Amino acid sequence: MKNKNGFTLIELLAVIAVLAIILVIATSSVIGTIKTSRTNVFVETMEMGVKNAKSVLATKGTLDTKSLKESMDYKENLYVFEVENVKIGDKSYYRIILSPAHNSSKFKNIDFSSLSDQEKDESMFGYNNDKKEIYAFISKENGKLVSASPNGNEVVDSGDGDTP
C-alpha cells in the first residue's frame, strides 16, 4: 500500500465550500452593520441640525435655510438641509428637512426601517424612506420641537414639545 501525504480533491472542495459559506455570512453581517451605522449618523446629523435651528431661532427670531447652513459645520456634499414655513391648522411651524446630497453615494441607500420604533418615537422626527428624508417641526410660537407624523407631513402633538 502507498503512503498518502496530502488531501484529496473532495476534501479540498469541502473546505473551500465551508469557507465560502462563512464569507457570505460575515459579509452580509458587515453590510448590515454599515447600513445601521450610516442611518444612525444621518439621524444624529438631524439632531445637530435641530439644535442649531433652535439656537438660530432664539438669536435671530426667525429661521431659514441659509441661516441654518451658516450656523452648522457639515459637509454639503453629503447632506442637504432645507427649512420650510408651514401652517397646520391655525399654528405655524418651521419644517426642517434633511436629505442626502444628490451626488452622495454614502447615504444613497439609507434605510430608516433599521431604526427601532422606540428610536423613532424618541426622536420626534418623521421619516420618509422613499425620499430618504427626515423631517422635524419647530413651533414658531415657542421655538420648541414638536412631534412629526411618521411621514413628516403633519404635526402629531402640538403641545409644548421638547428636545430629542
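Across the whole of this predicted model, a search for aromatic pairs returns four of them, and these make a convenient route through the structure.

Select Phe-42 and Tyr-79 to begin: their ring centres lie 5.8 Å apart and their planes meet at 45 degrees, so the pair is classed as tilted, since that angle falls between the 30 and 60 degrees that bound the stacked and edge-to-face classes. Distant parts of the chain are linked here, with Phe-42 in helix α1 and Tyr-79 in strand β1 (residues 79-88), 37 residues apart. Phe-42 is buried, at a relative accessible area of 0%, and Tyr-79 is buried too, at 8%.

Next, select Tyr-93 and Phe-137, whose ring centres are 6.0 Å apart and whose planes stand at 80 degrees, so this pair is edge-to-face. This pair also links distant parts of the chain, because Tyr-93 belongs to strand β2 (residues 91-100) and Phe-137 to strand β4 (residues 133-139), 44 residues apart. Both Tyr-93 and Phe-137 are buried.

Now return to Phe-42 and Tyr-79 and add Phe-112 and Tyr-127 to the selection, since ring pairs link these four residues into a cluster.

For a contact of another kind, select Tyr-94 together with Lys-140, which lies over the face of the Tyr-94 ring at 4.8 Å from its centre.

Finish on the surface by selecting Leu-9, Ile-10, Leu-13 and Ile-16, which form a nonpolar patch there with about 460 Å² of accessible area together. Within that patch, Ile-16 is placed in helix α1 (residues 9-60) and is exposed, with a relative accessible area of 54%.

How values were computed. Residues numbered from 1 in each chain as written. Predicted model: local features only at pLDDT ≥ 70, side-chain atom pairs only at ≥ 80, totals over all residues. Heavy atoms only, no water. Patch = residues over 30% accessible without salt bridge, like charges linked within 9 Å, V, L, I, M, F, W, Y side chains within 5 Å. Areas by Shrake-Rupley, 256 points an atom, 1.4 Å probe, with all protein chains shown as cover. Salt bridge = Lys/Arg side-chain N within 4 Å of Asp/Glu carboxyl O. Helix = DSSP H or I, 4+ residues; strand = E, 2+ residues; numbered from the N terminus. Buried < 20%, exposed > 50% of the residue type's maximum accessible area, 1.4 Å probe, protein only. Phe/Tyr/Trp six-rings, centres within 6.5 Å; stacked < 30°, edge-to-face > 60°. Lys NZ or Arg CZ within 6 Å of the ring centre and 35° of its normal.
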